[in-house]
Amino acid sequence: MLETGDHMALNVLWLQSGGCGGCSMSLLCADTTDFPALLRSNGIRLLWHPALSLAGEQDLIQLLERCLAGQLQLDALCIEGALLRGPQGTGRFHRLAGTGVAMTDWVRRLAGVAAHVVAVGSCAAWGGITTAGRNPTDACGLQYEDDQPGGLLGTDFRAGAGLPVINIAGCPTHPGWVLDTLMMLAAHQLTEEDLDPLGRPRFYADQLVHHACTRNEYYEYKASAAKPTDLGCLMENMGCKGTQAHADCNTRLWNGDGSCLRGGFACINCTAPGFQSPGHPFHITPKLAGIPIGLPVDMPKAWFVALASLSKSATPRRVKVNSHSDHVVLPPVARKTRLR
């Protein structure tokens, strides 16, 4: 007989593989004064988490064995961090403490009995930062290796409930992306149609970081920043990929107040495969004949060039001056707007 505690709860097991733990740290910034109560009230039962659980090593091993034996229902297996397959495919670069068994082996076995498998963060989704450079640990994601399907579990993997790996990509993830996904699973409201072509939940991946960016007026006039402290648009010179990045960072603010762009940092498109190795410095926009190579999604190059030229020629002096300053030098002129 399966043990579920509360029979209506979504049993969640969270394991950490090769990574920095940043997604867990971000999760702790969820907008609540009582994190455990937030989970309980939304039908989520956290079986174990490396930072949030009191249970020790032997308790965890017993819990894993019970899941594998079918004695404890495993509804959602959450993996944070890349899967380390080295050396030579043994997975022994990362063994689960107290077991001597490679984490990759544990993940494969647990994924086989889980109703849902969730990649928390871009490392678990595509390999992420852990795969940058020469990738000496032979790291990969759960169902992707960078932008190529496969990864640890293989292209054809489906969890017990029929879905592929759910990729909550981000570096780190917004706590709301994780919690909303788990809440949807607990309410049986997440279907394959709710995932984009890369397996990311559409509620955040069908948005662009560009949406609600506070620098949008500068973008419209192509009034670009020339140095990091400038208020202007960061796309043309400073490496910003907000017009290409799938996420709702500027409409679902971080800690209720900020985002990378609002903090003065360019968006590096951390929710997408390959962000960790762009082939150029993160703070520089690569160009060809003076035109940024990475154009906004859905925009042909000829249109962008034509519109950019028109926009620059129509840039108000206020916008041009402010774009090269670290504060507003010229405020908007106050004028009567009532029609006569």
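The legends below describe close-up views of a predicted model.

Local features are taken at pLDDT of at least 70 and side-chain atom pairs only at pLDDT 80 or more, whereas totals for chains, interfaces and linings use all residues. Residues are numbered from 1 along each chain as its sequence is written, and side-chain values use heavy atoms, with hydrogens and water left out.

**View 1. The two domains of the protein chain.** Domain 1 spans 10–205 and domain 2 spans 207–324; such bounds come from an automatic or database domain assignment. Their C-alpha centres are 31 Å apart. Contact (heavy atoms within 4.5 Å) involves 26 residues of domain 1 and 17 residues of domain 2. The two domains bury about 1,600 Å² between them, with 56% of it on carbon and sulfur atoms. Buried area here is the accessible area (1.4 Å probe) that two parts lose on being put together, summed over both.

**View 2. Polar links across the interface of domain 1 and domain 2.** One salt bridge is found across this interface, where the rule asks for a side-chain nitrogen of Lys or Arg within 4 Å of a carboxyl oxygen of Asp or Glu. Arg252 and Asp180 form a salt bridge, with 3.1 Å between the closest N and O atoms. Polar contacts link 11 residue pairs across the interface, both residues being at pLDDT 80 or more. A polar contact is a pair of N or O atoms within 3.5 Å; within protein, one must be able to donate a hydrogen and the other to accept it, and residues adjacent in sequence count only if both atoms are side-chain atoms. On the side of domain 1 that touches domain 2, helices H5 (122–126), H6 (175–186) and H7 (202–205) are the elements giving two or more residues. H6 gives the largest share, four residues. Helices (H or I, at least four residues) and strands (E, at least two) are DSSP runs, numbered from the N terminus.

**View 3. Cis peptide bonds before Pro87 and Pro172.** The Gly86 to Pro87 bond is cis, with omega near -5 degrees. Pro87 sits in the loop between strand S4 (83–84) and helix H4 (103–111). The bond joining Cys171 and Pro172 is also cis, with omega about 0 degrees, and Pro172 is in the loop between strand S9 (166–168) and H6.

**View 4. Positive phi at His188 and Asp298.** Most residues other than glycine have a negative phi. His188, in the loop between H6 and H7, has a phi of about 55 degrees. Asp298, in the loop between strand S11 (291–292) and helix H9 (301–313), has a phi near 70 degrees. His188 counts as exposed (over 50% relative accessible area, 1.4 Å probe, protein chains only) because its relative accessibility is 73%. Asp298 is exposed as well, at 78%.

Definitions and conventions. Buried < 20%, exposed > 50% of the residue type's maximum accessible area, 1.4 Å probe, protein only.
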